[in-house]
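Subject: Structure for your review

Dear colleague,

Please find below the structure I am handing over to you, together with its sequence. It is a predicted model, and my findings follow it.

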Amino acid sequence: MADNARAKKLADLIREVVAEKLQRGIKDPRLGSHVTITDTRVTGDLREATVFYTVYGDDEERANAARGLESAKGVLRSAVGAAAGVKFTPTLTFVADALPENAKTIEDLLDKARASDQAVRDASSGAAYAGEADPYRKPGEDDADDADEAGDASA
């Protein structure tokens, strides 16, 4: 079992090597310049690596990029093995990152919250307080009320 620091270092190296190879070494038109490597995770035994990626484009371009990455997996693994210099080169698994979809969902929720806040602001703009403008008693007012009550009781 390798320590977490070594796995993290290998994951960073894999991310850099795969991104560089996709940018300059792979001539597959399905991959192009719109594939971005977002994260890489390596298991504790350094045998398997999961590479997360995003694709700028529609669903068809995402599917093409997934097929392109699967076909280039051997070349990318060879490049990782040459750069890493480890005894066993980790197997690569490519997973589409859900980051753009999550960001879109969060952005939609924030827009909904902003609209709700604006509706509350609009509703409260002409509203008045339910009670008096100053609902707190002042020290001098208590004495006057007590005197009126005392005068009423004596009468």
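The sheet in this predicted model is open and consists of 3 strands in the order S1-S2-S3, with mixed pairing. Strand S1 (35–42) and strand S3 (91–96) are at its edges; each has a single partner strand, so one side of each is left without a neighbour in the sheet. From one strand to the next, the twist averages 25°.

Strand S2, residues 48–55, pairs with S3 in the parallel sense, over 6 bridges. Within this part of the sheet, glutamate 48 is found opposite threonine 91 of S3.

Two helices should be described together with the sheet. Helix H1 (residues 4–25) packs on it and touches S1, S2 and S3; the direction of H1 makes about 155° with that of S1. Helix H2 (residues 59–71) also lies across S1, S2 and S3, and runs at about 150° to S2.

As to the interior, the largest nonpolar core comprises 25 residues. Those with the most contacts inside this core are Ile14, Val18, Leu22, Leu76, Leu92 and Phe94. Two or more residues each come from H1, S1, S2, H2, helix H3 (73–84) and S3, and H1 gives the most, with 7 residues.

Leucine 22 may serve as an example from this core. Once its neighbours within four places in sequence are left aside, leucine 22 is in contact with Leu31, Val35, Ile37, Leu69 and Leu76.

Yours sincerely,
A colleague

Notes:
Residues numbered from 1 in each chain as written. Predicted model: local features only at pLDDT ≥ 70, side-chain atom pairs only at ≥ 80, totals over all residues. Heavy atoms only, no water. Pairing = 2+ DSSP bridges. Helix = DSSP H or I, 4+ residues; strand = E, 2+ residues; numbered from the N terminus. Axes fitted to C-alpha atoms, helices over the stretch in contact; angles between N-to-C directions. Contact = heavy atoms within 4.5 Å. Core = buried A, V, L, I, M, F, W, Y, C linked by side-chain atoms within 4.5 Å. Buried < 20%, exposed > 50% of the residue type's maximum accessible area, 1.4 Å probe, protein only.
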